Amino acid sequence: MHTLNVALTGVTGYIGSHIAIALAEHGHWVVGFDNFANSSPAVLDRVATICDTSMPFAELDLADTDAIASFLVTNKVDAVIHLAGLKSVAESVAEPLRYYETNVAGSVSLLKAMEQANVHGIVFSSSATVYDPNQTSPLGEDAVIGPINPYGHTKIMVEQIINNAAAASSLKGINLRYFNPVGAHPSALIGEDPVGTPNNLMPYVMQVAVGMRDEVSIYGDDYATPDGTGVRDYIHVCDLADGHVAAVNALAKISTSDTINLGTGVGSSVREVIAAAERAADRDIPHRVVKRRPGDADMSYADPSRAEHRLGWKAQRTLADACVDHWRWQDQNPHGYTTS
Ligand SMILES: NC(=O)c1ccc[n+]([C@@H]2O[C@H](COP(=O)([O-])OP(=O)(O)OC[C@H]3O[C@@H](n4cnc5c(N)ncnc54)[C@H](O)[C@@H]3O)[C@@H](O)[C@H]2O)c1
């Protein structure tokens, strides 16, 4: 296999740290930067422990085009995986300009830096939130686009920017639309460490399991799903990371740009997630049904077949595996990286 020098933006974040390890395991050379807006420098030591080597890292902001360009040149980077950005749907509704500035203007700045540095490959962290929520799952990549919040709009705008830039230059881009990443590295050294109240179900469930929060709120149990609670596609973060290794390897084969779902194709309900977490943590997890939230779809899960055809990648791990790994991380690091 041809090994590459790969730069990760947002490398100290939840998903970036797992991708760094997967790339290193596959023989690629990994470098990265982050501005620590939503992550801890402690992640770097943890990743170094797992990989048995430390990676070149710089504290950099996406807005700093020239500094990014020289980082890419110094490290002889072949391709970039672009994860850095802001990811809270609720925050994006309250502070849309900050979201467009970081996610959209920040991505343009990165692409300009890549152009300056002659780096011609990018894999971008997009999201299933780009799809119109009123569609029947499984969702293929050709499903109707229709984000319902600024966060989702930033993702589809950046996809479009990458597609346009690839059509006009020698850039090759792969937009990966993630479904719901969960779980943690089996070492329990790295995992998701949300600041404040978690926005996503799994970290919330795990914080209830470990005793940091009282109960899980189930937002409605009258949806058109088998048990009435919302159904989503939960993908183990290590599977997601392997999908990025496959995407980086595929960059050389594509002509301009491509868009690919990363999901399992399996939908799980809120009640199924809580039950799987209860088995993993070997305890009851208190929960209560409350009223629906606006904008939540009944079901959202991927048609993952394009990833299998074009990347040769398929999720291997189950929801039960993700709960076991997420619980091990939560149990051993109840306060995330602040314990280190
Ligand atoms: N976690 C999910 O549920 C999910 C789902 C779909 C897509 N995504 C996307 O995947 C990517 C990674 O998500 P994550 O869960 O690892 O989030 P994360 O917040 O843990 O990681 C993002 C990283 O980007 C850094 N960052 C933010 N603004 C920056 C800036 N201006 N300059 C440099 N670094 C900056 C943060 O400090 C953080 O370390 C994001 O783009 C997110 O939108 C995440």
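Guide: Before we start, one definition: Ala, Val, Leu, Ile, Met, Phe, Trp, Tyr, Cys and Pro count as nonpolar, Asp, Glu, Lys and Arg as charged, and the others, Gly among them, as polar. Also, this is a predicted model.

Visitor: Okay, so how many polar, nonpolar and charged residues are in the shell around the ligand?

Guide: There are 14 polar residues, ten nonpolar and three charged.

Visitor: And which residues are the closest to the ligand?

Guide: Gly10, Gly13, Ile15, Ser39 and Ser125, out of 27 residues that surround the ligand.

Visitor: Which helix gives the most to that shell?

Guide: Helix 1, with three residues. Helix 5 (96-116), strand 5 (121-127) and strand 7 (180-182) each supply at least two.

Visitor: Sticking with helix 1, at what angle does it pack with helix 8?

Guide: About 60°, and the axes are 8 Å apart. Angles from 65 to 115 degrees would count as roughly perpendicular and those under 35 as roughly parallel, so helix 1 is oblique to helix 8. The crossing is right-handed.

Visitor: Which residues of helix 1 meet helix 8 there?

Guide: Tyr14, Ile15, His18, Ile19, Ile21, Ala22 and Leu23 do, and their partners in helix 8 include Leu240 and Val245. By class, that contact has eleven nonpolar residues, two polar and one charged.

Visitor: New topic: how do helix 7 and helix 11 pack?

Guide: At about 50°, with axes 10 Å apart. Helix 7 passes helix 11 in a right-handed crossing. Met202, Met206 and Ala209 of helix 7 make the contact with His326, Trp327 and Gln330 of helix 11.

Visitor: How many charged residues are in that one?

Guide: None; the contact has four nonpolar and two polar residues.

Conventions
Residues numbered from 1 in each chain as written. Predicted model: local features only at pLDDT ≥ 70, side-chain atom pairs only at ≥ 80, totals over all residues. Near = placed C-beta within 6 Å. Helix = DSSP H or I, 4+ residues; strand = E, 2+ residues; numbered from the N terminus. Axes fitted to C-alpha atoms, helices over the stretch in contact; angles between N-to-C directions. Parallel < 35°, antiparallel > 145°, perpendicular 65-115°, else oblique. Left-handed = near helix turned anticlockwise from the far one by under 90°. Contact = placed C-beta atoms within 7 Å.
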